[in-house]
Amino acid sequence: MNNSVVALLLLLSCIILPAVVDCRVRNYKFHVVSKNVTRLCSSKPIVTVNGKFPGPTLYAREGDHVLVKVVNLVNYNVSIHWHGVRQLRTGWADGPAYITQCPILPGQSYVYNFTIIGQRGTLLWHGHINWLRATVHGAIVILPKRGVPYPFPKPDDEKVLVLGEWWKSDTEAVINEAMKSGVAPNVSDAHTINGLPGTVANCSTQEVFNLGVESGKTYLLRIINAALNEELFFKIAGHNVTVVEVDATYVKPFTTDTIIIAPGQTTNVLLNTHQKSGKYLIAASTFMDAPVTIDNQTATATLHYTGGTTTLSDDSPMVLTTTPPKNATQIADQFINSLKSLNSPKYPAKVPLEIDHSLFFTVGLGVNPCPTCKAGNGSRVVAAVNNVTFVMPNTALLQAHYYNIKGVFTTDFPANPPHVYNYTANITKNIQTQNGTKLYRVPYNSTIQVVLQDTGVIAPESHPIHLHGFNFFVVGRGVGNYDPKEDPKKFNLEDPVERNTIGVPTGGWTALRFTADNPGVWFLHCHFEAHTTWGLKMAFLVDNGKGPKQSLVPPPKDLPKC
Ligand code: C2O
């Protein structure tokens, strides 16, 4: 074969098999289709990508150019977000509906076009409109550049574990009903591991995910929390794991028997299969240390030693384990406090030391009048940042910004809450919020500190906050009200963990820092979908810089219109 034939074959196989062949351009086709699936012994149609639940894993290498053609073949509007991908200057490909793009209408398609710059590790993609991400989600695996090793012992194999939640009823109906009534949506009926809940009582079909391993090996487990509304504990019987990466950034390795992971977060761990044979329970259950109704079901899967040097005995009893109780704050805290940036010469922690914009955001719930809300007795539960309940616009904010369309948003998002009060006390008075589509505007390359303060309106509760377009450093965390005098003295500016989603502790605060080196409109919101729907969201507007490669690229031709 001559060279051009080889090149053509390589290109073709890159287009057909981007997950297998090593390509610099990764071409994916995501067909959003409805599919009937059976879980918990009953069947319902769900929205999927390519008929899979969870959806296909998107593989790429650091530096690769990714093209994903999303074709909408369902009766819902669709958009897809590449959660944690920085999207440097390519906000058009970020995905949140009405923030960076108008939705892809039924029958239409859109090509998400972006390059993966300076990132490697595990992330996730998911639907970013209404509650579609309940079933429209999957893993993103970004391998290091060719020839660049992991900063930990090379695993013999890698496995993806996607944790999720399952409702027996249609999830769009669940949230629509809740919004009509003004009260909280129904909690899920099961948790899932790679789409399966585990052994189901009174149900003859097996719905258990089986993770087959060989004895004496090291596996890299890429664990993703794709659940809508619940932080999860995750544990494997008879095995500790070594945490090496979160949210596609390397951390100082540490060993634990339990991990805690919030919706939108990812955690890579090394698992040594030091047992000889047998079956070991894998379990995932809710962490919630506030008086909030949760899904109490534990998802289970099996770690199954197969093949290798030992013979497989299928009837060997399962080695069991239990996850911590749902309110095990101490276990969660211990895990969270163990996370530190690797901060090696190769992977330095570039924490901003001088701050241009110091922001203080209260995050929590509120109650607003709603004459039509019968179940809510004439009021509805809402959520807010600095007492602003975000109202979704009818035109995407990024388009409005780029084309200078007036009247879509204002740039007066408050840097501080409107009133100073005892934020974490239980508050039941004056809990009304203000509606608005407000952005916080900053010049290119400003350094920003955000202290996120949970409030006790109705009840204190944890909030996994996700920022689009950036990673941030988590420089501090505490319980109670943030003290602007004393708490900064305890900040870790040396090796704080770097991530894209962080839990604000129940009745406490979290401080993060980032550099606004990415022009565009970037969503910040609670990754509990119930809270996002209620309005716990806002956006940053980052202006273009003056230098080359400091401006938002022009929108692609096929960008959907509203
Ligand atoms: Cu993973 Cu805006 O979300």
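**Exercise 1. Domains and the second largest pocket**

Task: State which domains each give at least three residues to the lining of the second largest pocket, then describe this pocket.

Solution. Step 1: At least three lining residues of the second largest pocket come from each of domain 2 (157-338) and domain 3 (357-550). The model in which this pocket is found is a predicted one.

Step 2: The volume of the second largest pocket is about 560 Å³. Its lining has 33 residues, and those closest to the centre are Ile336, Asn337, Val474, Gly476 and Arg477.

Step 3: Helix 3 (329-338), strand 28 and strand 30 (501-504) are the elements that give two or more residues to this lining. Strand 28 gives the most, with six residues.

Step 4: Sorted by class, the lining of the second largest pocket has 16 nonpolar, nine polar and eight charged residues.

Step 5: Place the two domains in the chain, which is divided into domain 1 (5-143), domain 2 (157-338) and domain 3 (357-550). The C-alpha centres of domain 2 and domain 3 are 29 Å apart. Their contact takes 30 residues from domain 2 and 30 residues from domain 3.

**Exercise 2. The largest pocket**

Task: Find the volume of the largest pocket and the element that gives the most to its lining.

Solution. Step 1: The largest pocket has a volume of about 760 Å³. Among the 30 residues of its lining, Gly118, Pro348, Lys350, Asn471 and Glu498 are the closest to the centre.

Step 2: Two or more lining residues come from each of strand 15 (249-256), strand 28 (472-479) and strand 31 (508-515). Strand 31 gives the most, with three residues.

Step 3: The classes in this lining are 14 nonpolar, seven polar and nine charged residues.

**Exercise 3. The largest cavity**

Task: Explain why the largest cavity is said to lie between two domains.

Solution. Step 1: There is one cavity of 30 Å³ or more. The volume of the largest cavity is about 30 Å³.

Step 2: The residues that line the largest cavity are Lys44, Ala134, Thr135, Glu165, Trp166, Trp167 and Thr171. By class, three are nonpolar, two polar and two charged.

Step 3: Domain 1 (5-143) and domain 2 (157-338) both give residues to this lining, so the cavity lies between them.

**Exercise 4. Helix 2**

Task: Work along helix 2 (residues 171-181) and state which of its residues are buried.

Solution. Step 1: At the start of helix 2, a side-chain oxygen of Asp170 comes to within 3.3 Å of the backbone nitrogen of Glu172.

Step 2: The buried residues in helix 2 are Thr171, Glu172, Val174, Ile175, Ala178 and Ser181. Thr171 is also one of the residues that line the largest cavity.

Step 3: The buried residues of helix 2 pack against helix 5 (529-534).

Step 4: Just after helix 2, Gly182 has a positive phi of about 90°.

**Exercise 5. Three residues: buried or exposed?**

Task: Decide whether Glu529, Phe30 and Thr302 are buried or exposed, and list what each one touches, leaving out residues up to four places away in sequence.

Solution. Step 1: The cut-off for buried is under 20% relative accessible area.

Step 2: Glu529 lies in helix 5. Its relative accessibility is 8%, so Glu529 counts as buried. Glu529 touches Asn130, Trp131, Arg133, Leu228 and Asn229, apart from residues up to four places away in sequence. The side chains of Glu529 and Arg133 make a polar contact (2.6 Å). Glu529 and Pro263 are 266 residues apart in sequence, yet 9.0 Å apart in space, C-alpha to C-alpha.

Step 3: Phe30 is part of strand 1 (residues 25-39). With a relative accessibility of 1%, Phe30 counts as buried. Beyond neighbours within four places in sequence, Phe30 is in contact with Val49, Asn50, Pro56, Leu58, Val68, Lys69, Val70, Val71, Ile80, Trp82 and Trp125. Phe30 and Gly55 are 25 residues apart in sequence and 9.1 Å apart in space, C-alpha to C-alpha.

Step 4: Thr302 is in strand 19 (residues 299-305). Its relative accessible area is 7%, so Thr302 is buried. Thr302 touches Val208, Phe209, Asn210, Leu211, Lys279, Tyr280, Ile282 and Met318, again not counting residues up to four places away in sequence.

Technical notes
Residues are numbered from 1 along each chain as its sequence is written. This is a predicted model: local features need pLDDT of at least 70, side-chain atom pairs count only at pLDDT 80 or more; totals for chains, interfaces and linings use all residues. Side-chain values use heavy atoms; hydrogens and water are left out. On a 1 Å grid over the protein atoms alone, a cavity is a set of points where a 1.4 Å probe fits but cannot get out, and a pocket is an open set with protein on both sides within 12 Å along at least five of seven lines; lining residues have an atom within 4 Å of a point. Grid points are joined across faces, edges and corners, and a volume is the space filled by probe spheres set on the points. Helices (H or I, at least four residues) and strands (E, at least two) are DSSP runs, numbered from the N terminus. Ala, Val, Leu, Ile, Met, Phe, Trp, Tyr, Cys and Pro count as nonpolar, Asp, Glu, Lys and Arg as charged, and the others, Gly among them, as polar. Domain bounds come from an automatic or database domain assignment. Buried means under 20% relative accessible area, exposed over 50%, partly exposed in between (1.4 Å probe, protein chains only). Contact means heavy atoms within 4.5 Å. A polar contact is a pair of N or O atoms within 3.5 Å; within protein, one must be able to donate a hydrogen and the other to accept it, and residues adjacent in sequence count only if both atoms are side-chain atoms.
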